[in-house]
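Hello,

Here is the structure I promised to pass on to you. Have a look at it first, and then read on for what turned up.

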2 protein chains.
Amino acid sequence: MATARTPIPHETSGLAAPSAAQPVPGDSYVQSFARGLAVIRSFSAQSPRQTLSEVAGRAQLTRAGARRILLTLQTLGYVKSDGKLFELTPRILDLGFAYLSSLPLWNLAEPVMQELVGQIKESCSAAVLNGTDIVYVLRVPTHKIMSISLGVGSRLPAYCTSMGRMLLSALPPDAMMNVLQASDRTARTCFTVTDVDELAAKIAQVRNQGWSLVDQELEEGLVSMAAPITDRSGHTIAAINISGQANRTSAKVMQETMLPRLLAAAQSISSQLTIQRS
Amino acid sequence: MATARTPIPHETSGLAAPSAAQPVPGDSYVQSFARGLAVIRSFSAQSPRQTLSEVAGRAQLTRAGARRILLTLQTLGYVKSDGKLFELTPRILDLGFAYLSSLPLWNLAEPVMQELVGQIKESCSAAVLNGTDIVYVLRVPTHKIMSISLGVGSRLPAYCTSMGRMLLSALPPDAMMNVLQASDRTARTCFTVTDVDELAAKIAQVRNQGWSLVDQELEEGLVSMAAPITDRSGHTIAAINISGQANRTSAKVMQETMLPRLLAAAQSISSQLTIQRS
């Protein structure tokens, strides 16, 4: 299953030919690369060290195919093995680091977010939209044992999170509706809004007011507010949020006391982005 | 240059044959994968959005080869393009996340590190060894504008960092000497120890005392102390550190006031690892 097929001629010829914008899903090269990445993703908290058979099972490859890819990853330093068990190496972080450090807000946002966390004593995160999910790209935790632990790279559904609704509000209406339709809108709590039209109305409100608040729709007890980070052309490129526990601070109190500071922090990051890129 | 060659038969046949432990560097499959990863790494803070030619230049590929890989990455959702400029998408973080979440200390260490940062008001990080470098895997910043900003996935040389020396002290002597010999031991400050024998002596001292302190050898004004995280079998799997500014707190005062707390935090994480895995 992992044998490389002879490439179809048009896939390797030409430079910026008209087909350049068209990816070629049937390409053996694409398949090989996809399988390599599937092997990487087969490792997790539940399966940090795996045998060849386990990798093959989780990545849905034959043992021969899985073995070939594991040896490839081992050659490249992304996997190590004691001969029987395979595990990932930290070299894999180079790839995510290439992405994170290419984000324009990477260096700018963190000091501002740290200052905000110092003021409000709640965690602050930044996320971007990816399909129907938000993906965390920066995190400044507060020093409370109870704080919500979501590492960089964590995903949450966009439709029921404050940063998700903030980011969805910046999409063209059609694209926003497509994301809502494509989302797995399973109710997370008794407060979760799952109806597409109702969500669209809430997102329209977010667009008008310039911030979002989600009260226990993702998780009971969890309240979160988000504000947009915009680049010099006014495009929303990310959102930042703060979240707290409803039993410590109600949504209403959070909005009154913390929202102005959140908006000021988002504005400060956006202004610096404008200056940096002009 | 990026065409997939017909695979050599022995590379795809057999399961756990004796050759299983031997990666096959000449494999076209390995080369293809390596090129894909080189394209990912060509993106950075300096080049977040690149043309085809820029990617080809930075990844040392032909334009045709670079184009094919970019289309592959685009098909798989790791790259997006407006037709002219290419950029990475946050999907790339899934790969690093697979690694980070597979670390046994991932969930355990953070609350302990947060508590430590709350006590000492200095940043705390965790890192692992990778070749001659340490790689940051967890970070709890303090809320000071001056704090040192090193994201997860950042690399620093092991020989001149407190976590590096801690991790090197856990290697067999031969392996430790090999890392020192292979390191680019350029002096970073006037305090940097670069002589291999002198470094080996310092690392032996670290091994004996069970902690390390590096005083302005990486950067002027920066003092850092590290302690080991060990698994249930007593193997060092990571190090945690705290660092501060010499002009705020001298190395001597840091050692007196903060070292006991750092050691207690490392011990707490290590104990939890022992319980978790037994």
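Let me start with the second largest pocket, whose lining has 12 nonpolar, six polar and six charged residues by class. Please keep in mind throughout that this is a predicted model. The second largest pocket holds about 790 Å³ of space. Of the 24 residues that line it, Lys80(A), Glu87(A), Val128(B), Thr236(B) and Ile237(B) lie closest to its centre. Two or more lining residues each come from strand 2 (86–88) of chain A and, on the chain B side, from helix 5 (93–102), strand 3 (124–130) and strand 8. Strand 3 of chain B gives the largest share, three residues.

The largest pocket has a volume of about 1,000 Å³. It is lined by 32 residues, and those closest to its centre are Leu129(A), Thr236(A), Ile237(A), Lys80(B) and Glu87(B). Chain A supplies at least two lining residues from each of helix 4 (93–102), strand 3 (124–130) and strand 8 (236–245), and chain B does so from each of strand 1 (79–81) and strand 2 (86–88). Sorted by class, this lining has 16 nonpolar, nine polar and seven charged residues.

Now to the sheets. In chain A, six strands form an open sheet in the order 5-4-3-8-7-6, with antiparallel pairing. Its edge strands are strand 5 (155–157) and strand 6 (212–215), each of which pairs on one side only. On average, neighbouring strands of this sheet are turned by 30° against each other, direction ignored. If you would like a spot to zoom in on, strand 4 (residues 133–140) of chain A runs antiparallel to strand 5 of chain A, and three bridges join them. Ile134(A) has Leu156(A) in strand 5 as its bridge partner.

Chain B also has an open sheet of six strands, in the order 5-4-3-8-7-6 and with antiparallel pairing. Why is one side of strand 5 (155–157) and of strand 6 (212–215) of chain B left without a neighbour in the sheet? Both stand at the edges with a single partner strand each, so there is no neighbour on the other side. From one strand to the next, the twist averages 30°. Within this sheet, strand 7 (residues 222–230) and strand 8 (residues 236–245) of chain B pair in the antiparallel sense over nine bridges. One of the residues to look for there is Thr230(B), whose bridge partner in strand 8 is Thr236(B). Thr236(B) is also among the residues closest to the centre of the second largest pocket.

Finally, a word on confidence. The predictor gives the complex an ipTM of 0.76 and a pTM of 0.75. Chain A has a mean pLDDT of 84, with 86% of its residues at 70 or more. In chain A, helix 6 (residues 162–168) has the highest confidence, at 98, while helix 1 (residues 28–41) has the lowest, at a mean of 81. Over residues 1–23 of chain A the pLDDT is below 50, and this stretch has 45 contacts in the model beyond near neighbours in sequence. Where pLDDT is low, predicted coordinates should not be read in detail.

Best wishes

How values were computed
Residues numbered from 1 in each chain as written. Chains lettered and ligands numbered in written order. Predicted model: local features only at pLDDT ≥ 70, side-chain atom pairs only at ≥ 80, totals over all residues. Heavy atoms only, no water. Pairing = 2+ DSSP bridges. Helix = DSSP H or I, 4+ residues; strand = E, 2+ residues; numbered from the N terminus. Axes fitted to C-alpha atoms, helices over the stretch in contact; angles between N-to-C directions. pLDDT = per-residue confidence, 0-100. Contact = heavy atoms within 4.5 Å. 1 Å grid on protein atoms, 1.4 Å probe; cavity = no way out; pocket = protein on both sides within 12 Å on 5 of 7 lines; lining within 4 Å. Points joined across faces, edges and corners; volume = space filled by probe spheres on them. Nonpolar A, V, L, I, M, F, W, Y, C, P; charged D, E, K, R; others polar.
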